[in-house]
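Please look over the sequence and the structure shown below before reading on. The report that follows goes through selected contacts, helices and distances in turn.

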Amino acid sequence: SNGISTYRGLIKVNKGAENAKIHTSCDSLILNKNSCSDTFPELISEEKSATVAHEATVSKINEDQIFYLMSRGLNREQAVSTIVNGFAEPVIKKLPMEYAVELNRLLELT
């Protein structure tokens, strides 16, 4: 299947927010050759002393990782699921429990 991920975000620092430090990041994991990810951040700073930054990373599932997990007894689907869950874990840890449970359920459906 194909997947398209699009991040659109707005960060605005108003005048008077002296020495504000803003950092946003968008990390994507590409599951197959037909999937893609686009990032369109909008960063607006009306305060000269503010520091505003955006970071985006896109990576593919590593076939060596899949091979390693399969050599340990997982089938391909389980190996991919393990990699995706590991990728999402830092985000899941920051969510309130009820949202984390729902996100884990959604990940299990893929």
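## Salt bridges and their surroundings

A salt bridge, with 3.6 Å from N to O, brings together the side chains of K12 and E46; the term stands for a side-chain nitrogen of Lys or Arg within 4 Å of a carboxyl oxygen of Asp or Glu. Because K12 belongs to strand β1 (residues 4–13) and E46 to the loop between β3 and β4, this pair ties together parts that are 34 residues apart in sequence. Helices (H or I, at least four residues) and strands (E, at least two) are DSSP runs, and they are numbered from the N terminus.

This is a predicted model, in which local features need pLDDT of at least 70 and side-chain atom pairs count only at pLDDT 80 or more, while totals for chains, interfaces and linings use all residues. Residues are numbered from 1 along each chain as its sequence is written, and side-chain values use heavy atoms, with hydrogens and water left out.

A search of the whole structure finds four salt bridges. One of them joins the side chains of E89 and K93 at 3.6 Å, N to O; both residues lie in helix α2, four residues apart, which is about one turn of the helix. Another is formed by E102 with R105, whose closest N and O atoms are 2.7 Å apart, and these two residues, being three residues apart in helix α3, are separated by about one helical turn.

The table gives the accessibility of residues that take part in these pairs; buried means under 20% relative accessible area, exposed over 50%, and partly exposed in between, with a 1.4 Å probe and protein chains only.

| Residue | Relative accessibility | Class |
|---|---|---|
| K12 | 47% | partly exposed |
| E46 | 38% | partly exposed |
| E89 | 40% | partly exposed |
| K93 | 64% | exposed |
| E102 | 41% | partly exposed |
| R105 | 48% | partly exposed |

## A buried charge in a loop

E47 is placed in the loop between β3 (36–45) and β4 (51–60). What is the nearest side chain of opposite charge to E47? It is K15, 4.4 Å away, and E47 is buried yet has no salt bridge; in this count Lys and Arg are positive and Asp and Glu negative, whereas His and the chain ends are not counted. The side chain of E47 does, however, make a polar contact of 3.1 Å with the side chain of S49. Such a contact is a pair of N or O atoms within 3.5 Å, where within protein one atom must be able to donate a hydrogen and the other to accept it, and where residues adjacent in sequence count only if both atoms are side-chain atoms.

## The helices and the core

At the N-terminal end of α1, N62 acts as a cap, with a side-chain oxygen 2.6 Å from the backbone nitrogen of D64, and just after α1, G73 takes a positive phi of about 110°. At the start of α2, a side-chain oxygen of N75 comes to within 3.1 Å of the backbone nitrogen of E77.

Helix α2 has 19 residues (76–94), so at 1.5 Å a residue it should span 27 Å, and the 28 Å between its end C-alpha atoms agrees with this; the expected span is 1.5 Å times one less than the number of residues. Helix α2 also bends by about 50° at A88, with a proline, P90, following within four residues. The bend is the angle between axes fitted to the seven residues ending at a residue and the seven starting there.

The buried residues of α2 include A79, I83, V84, A88 and I92. These also appear in the largest nonpolar core, which has 10 residues: I61, I66, L69, A79, I83, V84, A88, I92, A100 and L107. Its largest share, five residues, comes from α2, and α1 (63–71), α2 and α3 (97–109) each supply at least two residues. A nonpolar core is a set of buried Ala, Val, Leu, Ile, Met, Phe, Trp, Tyr and Cys residues joined through side-chain atoms within 4.5 Å. In soluble globular proteins, nonpolar side chains tend to be buried together.

## Distances across the chain

P96, in the loop between α2 and α3, is partly exposed, with a relative accessible area of 41%. The C-alpha atoms of P96 and S37 are separated by 26 Å, and the two residues are 59 residues apart along the chain. I44, in strand β3, lies 34 Å from L106, C-alpha to C-alpha, at a sequence separation of 62 residues.
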